[in-house]
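Trainee: I would like a close look at one part of this model, the largest pocket. Please describe what surrounds it and how it sits within the rest of the chain.

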Amino acid sequence: MNNDLKIHLSHILKESITVVSPVHGGDISSAYKVKTSNNSYFLKLNSSTNAAKMFQTEAYGLQIINEANTIKTPKVLACDIFQNSSFLLMEFIESKLPSSRDYINLGNQLAQLHQCTSDKFGLDHDNFIGSLPQSNKPNRTWTDFYITERLVPQLELAIQKQLLSKYECPSAQNIKDFLKSLFKDIKPALLHGDLWSGNYLISKNGVPYLIDPAVYFGHHEVDIAMTKLFGGFDATFYDAYYSNLKRDENTSTRIEIYQLYYLLVHLNLFGSSYYGSVSTILKKYF
Ligand code: ADP
C-alpha cells in the first residue's frame with residue numbers, strides 16, 4: 001500500500017498507522033489488516049471500474065443486515081476513492097475456528113435474520129454477486145423474481161460467453177411450469193445472498209459476523225443452498241437453523257434449483273470447470 005493512502009487513512013481514523021499487512025482469502029479485491037497503536041482495521045482496495053459501486057453496495061448490504069439486529073456485521077468506517085483506487089475500511093474482526101456452540105449461534109442468528117421480511121421480493125437497489133451485477137428489481141412473486149432477476153440473466157450471459165448452448169437452456173416458461181408446484185407460500189426473507197464458508201467470521205469471543213453480502217429479500221432456502229454448495233457447514237449449524245424454520249418434502253429439490261443460480265455465476269466468473277455441475281441440474285429438471 002502506498003504511503004499517500006496510509007496518510008489519508010490515518011486522517012480518516014484520526015490515529016497513526018503502525019503496521020499494514022496483507023490478508024488472504026478474498027478473490028476480488030486486495031485486502032489488508034491496518035493496525036494503529038490501539039485498534040485494528042480491515043481494508044479492501046480495488047481499482048477496477050466497478051469497484052466504487054461494488055464497495056458502496058457491500059457497505060449498504062452490511063448496514064442493512066446490521067440494522068436487522070439479528071447477526072452482527074463489521075462496522076464500516078469509510079467507503080471512498082483515493083488516487084483512482086476505491087477502498088472500503090471497516091472494523092477488523094479477530095477470528096477463530098468455529099466450535100459447535102458457535103455454529104449453533106450462527107444457525108440460530110441466520111434463522112432470525114431470515115425472519116426479517118418485506119412486502120416484496122428484491123431490494124431498492126441492485127448489487128453484485130462476486131463481481132457480476134445482480135438485479136434486485138422487485139417482482140410480485142418469488143417465481144417471477146427468481147426466473148427474471150436470477151436464472152435468466154445468468155443463462156443468457158453463459159450463452160453469450162459460449163459456456164452453454166441455447167439448446168441446453170430452458171425457456172422462462174419451461175422454468176415457470178416446473179417451479180409452479182415447487183414454490184408455494186414463500187415469504188420474502190432478508191438474505192445474506194452469498195453465504196459460503198468464507199463469508200462469515202466467528203470472533204475470538206464467539207460472536208458470529210456476516211461479511212461480503214449480496215443482500216435482497218428472497219426465499220430463505222437460497223442462503224442454505226449456498227452454504228451447502230461446497231461441502232456444507234457443520235451439522236450443528238443446520239440443526240439449530242431448522243429448529244427455527246421448517247423444511248418440507250420439496251426443500252432438497254428447491255436447494256438444487258437455488259444452487260443452479262450460484263453454479264451459473266461460478267460458470268460465468270470462472271469458466272468451464274463449472275459446466276458439468278450446471279449441466280447435471282439442467283438435465284435433471286428441464
Ligand atoms: P473479496 O470481496 O475480495 O472476496 P472478502 O470480503 O471476502 O474479500 O474478504 C477476504 C477475506 O478477508 C475473508 O475471507 C476474511 O477471511 C477476511 N475478512 C473480511 N472481512 C474482514 C473483517 N472485517 N475483519 C477481519 N477479516 C476479514
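Mentor: Start with the layout of the chain in this predicted model. The centres of domain 1 and domain 2, taken over C-alpha atoms, are separated by 26 Å. Domain 1 covers residues 3-91 and domain 2 covers 100-285. Where they meet, 21 residues of domain 1 are in contact with 26 residues of domain 2.

The largest pocket involves both domains: each of them gives at least three residues to its lining. The space in this pocket comes to about 960 Å³. Its lining consists of 44 residues, and those nearest the centre are Gly26, Lys44, Gly198, Asn199 and Asp212. Two or more lining residues come from each of these elements: strand E3 (40-46), helix H2 (51-68), strand E5 (85-91), strand E6 (127-129) and helix H8. By residue class, the lining holds 25 nonpolar, 13 polar and 6 charged residues.

For contrast, take the second largest pocket, with a volume of about 340 Å³. Here 20 residues form the lining, and Asp185, Ile186, Lys187, His219 and His220 lie nearest the centre. They divide into 5 nonpolar, 7 polar and 8 charged.

Two of those central residues, Ile186 and His219, also appear among the contacts of Trp142. Leaving aside neighbours within four places in sequence, Trp142 further touches Phe121, Phe183, Tyr216, Gly218, Val222 and Tyr258. Trp142 belongs to the largest nonpolar core, which has 65 residues; together with Tyr146, Leu164 and Phe183, it touches the most other members. Helix H8 supplies the largest share of this core, 10 residues. As with the largest pocket, at least three residues of the core come from each of domain 1 and domain 2. A second, separate core has 13 residues, including Leu5, Leu45, Phe82 and Phe87.

Helix H8 (251-270) therefore deserves a second look, because it is one of the elements against which the buried residues of helix H7 pack. The others are helix H3 (100-113) and helix H6 (221-227). In H7, which spans residues 235-242, the buried residues are Phe237, Tyr238, Ala240, Tyr241 and Tyr242. An α-helix has 3.6 residues a turn, so residues three or four places apart point the same way.

To return to the part you asked about, H8 gives two or more residues to the lining of the largest pocket, and H8 also gives 10 residues to the largest nonpolar core.

Notes
Residues numbered from 1 in each chain as written. Predicted model: local features only at pLDDT ≥ 70, side-chain atom pairs only at ≥ 80, totals over all residues. Heavy atoms only, no water. Buried < 20%, exposed > 50% of the residue type's maximum accessible area, 1.4 Å probe, protein only. Helix = DSSP H or I, 4+ residues; strand = E, 2+ residues; numbered from the N terminus. Contact = heavy atoms within 4.5 Å. 1 Å grid on protein atoms, 1.4 Å probe; cavity = no way out; pocket = protein on both sides within 12 Å on 5 of 7 lines; lining within 4 Å. Points joined across faces, edges and corners; volume = space filled by probe spheres on them. Nonpolar A, V, L, I, M, F, W, Y, C, P; charged D, E, K, R; others polar. Domains from an automatic or database assignment. Core = buried A, V, L, I, M, F, W, Y, C linked by side-chain atoms within 4.5 Å.
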